[in-house]
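The following exercises are to be worked with the sequence and the model at hand. Each task is followed by a solution in steps.

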Amino acid sequence: MPVDKRDDVTDRYIQISDLHKTFHSHGSSLQVLKGINLTVRKGEIFGIIGFSGAGKSTLARCINRLETPDSGSIKVGGVDILSLSKKELLRERKKIGMIFQTFNLFESKNVYRNIAYPLEISGIPKAEIRRRVLETAELVGLSDKLDAYPGGLSGGQKQRVGIARALVNRPELLLSDEATSALDPQTTLQILDLLKEINRATGITILMITHELDAIRYTCERMAVLEDGKITEVGSVREIFSNPHSRTGALFAQVFTEFQQTMEMENGSGI
Amino acid sequence: MSLLDTPLWEVIKGSFAPEIWVRLAPAILETLYMTALSSAIMLVFGLLLGILLTVTNPDGLVPMKILYAGSGWLINCLRSLPQMIMIILMIPVARLLFGKSYGTNACIIAIAASCIPMYARIVESSLLEISKGKIEAAKSIGSTNFQIIFRVLLPETLPSLIRGFTVAVIAVISMTALAGMFGAGGIGDIAVRFGYQRFQHDVLFASVYVLIILVQLVQWIGNFTSKQILKKRNLI
């Protein structure tokens, strides 16, 4: 596998160039990604914002090849994702964690077995699995819920299980596909705090896909705006909110400002 | 005792007579034997076929158009045969396998041939119930297709698979009764020979009790097990 120079790998940890994807169904086709170029640095929390249908999820799903793009290239840590063989892909996916809006936990397994699953399928010894599961459960604050089944957990707890399951393989990259969109504001904040803390503690790169303004503002250093299958803006969160160029960016910034003003009026202070 | 010359009440009372049950006992065992063996065969092949249908589905794990369409077509063909015709069709097959075209074992082939396609369809519909998200999560973790099927797909849909199996076992029981007409023995055979041909309605009633109890029991076990699993998973 081609590996770039070390600095390049750090600065351009994820490198996506000219990515295209079109969905075909029943004779009609929908162009979802129209030439995406994007670079994400190692260890940062990078946000991608856009309205529903903009192609955010498809973009994220191309990175671990849940979706196969039509053309373009994706490199993660120097590894060319699109040229991997099936076997190599399975190995690479173990290094890329993913969390979902609907959590997608295994309801037939308790919390312990959910977190243990990624290790079990890799044939890791039981004692080692136990050690890593307990360690990861501790990290996400689930140590007292290991015997519970997902059916009995709250949304926030479910997402913690999802995060633990995604982290137990110690990946270098976490894809977060609308991970807080099904949670109430308070729980959202707790999950975002957890992600920030994990990022700080482990140096994991997090790619956060969301339509929630606050989530991005609260968590990310840099962001991109995805509009109609194209990246219309990339930069620091502050830059984009204060000086938006694209339609989506402007709309978001406007909503954001109005929201801020309302909060100020209500609380007599900013958020 | 016949309803032709004895009042209903007397026949019902007579149906509990020990000599009837002595005659019925071996038939009950034959029915249980046929049901258990046919159900086991049906379970194995129905599951495999159901998994094949789900996995090769155009939206499945490994879309394979020809295999999917082919197995679907075969299943539909087999399912369009009435059970009685299946029994007659399987006579030469049984002769080939056992050297005997009648008897309990011969009929198990016909029962399996008739019930496997049905159970395969039930399995397919259970497996399709799983949310796509769970499969995606398993994929994103780096699971092989084999791991997805046996560690995610089957365990996640287990309660539904059990309920479907219950329905299928009851269909097997009803078919064993039909097979009784074709020399398979069992309760169906007793009901035909005594209840139908000799008007011994007390014997007929007794076999009806057995069938009712058997089906109720199977249904209860199926419901109970699937409910226990759902309870354990905190889903009800």
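**Exercise 1. Locate B:Ala138 and describe its surroundings.**

Step 1. B:Ala138 belongs to helix α7 of chain B; helices (H or I, at least four residues) and strands (E, at least two) are DSSP runs, numbered from the N terminus. The model is predicted: local features need pLDDT of at least 70, side-chain atom pairs count only at pLDDT 80 or more, and totals for chains, interfaces and linings use all residues. Residues are numbered from 1 along each chain as its sequence is written, while chains are lettered from A and ligands numbered from 1 in the order in which they are written.

Step 2. B:Ala138 counts as buried because 25 other C-beta atoms lie within 10 Å. The classes are buried for 20 or more other C-beta atoms within 10 Å of the residue's own, exposed for 12 or fewer, and partly exposed in between, with C-beta atoms placed from the backbone.

Step 3. Leaving aside residues up to four places away in sequence, B:Ala138 touches B:Ser143, B:Ile148 and B:Val152; contact requires C-beta atoms, placed from the backbone, within 7 Å.

Step 4. B:Ile85 is 53 residues from B:Ala138 along the chain, and their C-alpha atoms are separated by 44 Å.

**Exercise 2. Characterise the fold of chain B as a whole.**

Step 1. Chain B has eleven helices and zero strands.

Step 2. Along the principal axes, the C-alpha atoms of chain B fill a box of roughly 70 × 45 × 25 Å.

Step 3. Chain B has 236 residues, of which 43% count as buried.

Step 4. Of the contacts in chain B between residues at least 6 apart in sequence, 69% join residues at least 24 apart.

**Exercise 3. Which elements of chain B each supply at least two residues of the side that touches chain A?**

Step 1. The contact draws 20 residues from chain B and 19 residues from chain A.

Step 2. On the chain B side, α7 (132-140) and α8 (145-156) each supply at least two residues. With six residues, α7(B) gives the most to this side.

Step 3. The residues on this side of chain B comprise six nonpolar, seven polar and seven charged. Here Ala, Val, Leu, Ile, Met, Phe, Trp, Tyr, Cys and Pro count as nonpolar, Asp, Glu, Lys and Arg as charged, and the others, Gly among them, as polar.

**Exercise 4. Determine how the buried residues of helix α7 of chain A are arranged around its axis.**

Step 1. Helix α7(A) spans residues 185-202; its 18 residues reach 26 Å from first C-alpha to last, close to the 26 Å expected at 1.5 Å a residue. The expected span is 1.5 Å times one less than the number of residues.

Step 2. The buried residues in α7(A) are A:Thr188, A:Ile191, A:Leu192 and A:Leu195. They lie on the same side of α7(A), because they cover an arc of only 100° around the axis; the arc is that of the directions from the helix axis to the C-beta atoms.

Step 3. Turned away from that buried side is a face with the exposed residues A:Gln186, A:Asp193, A:Glu197, A:Arg200 and A:Ala201.

Step 4. The cover over the buried residues of α7(A) includes α6 (155-167), β7 (173-177), β8 (205-210) and α8 (213-219) of chain A. Just after the helix, A:Gly203 adopts a positive phi of about 75°.

**Exercise 5. Describe the pairing of strands in chain A.**

Step 1. An open, antiparallel sheet of four strands runs in the order β2-β1-β4-β5 (chain A); two strands pair if DSSP finds at least two bridges between them.

Step 2. The edge strands, each pairing on one side only, are β2 (28-40) and β5 (79-80) of chain A.

Step 3. Within chain A, β1 (residues 14-25) and β4 (residues 71-76) pair in the antiparallel sense over five bridges. A:Ser71 in β4(A) is the bridge partner of A:His20.

Step 4. Strands β9 (residues 222-227) and β10 (residues 230-236) of chain A pair in the antiparallel sense over six bridges, with A:Ala224 opposite A:Val234 in β10(A). β9(A) and β10(A) form a hairpin with two residues between them, and A:Asp228 in the turn has a positive phi of about 55°.

Notes. Two residues are in contact if their C-beta atoms, placed from the backbone, lie within 7 Å.
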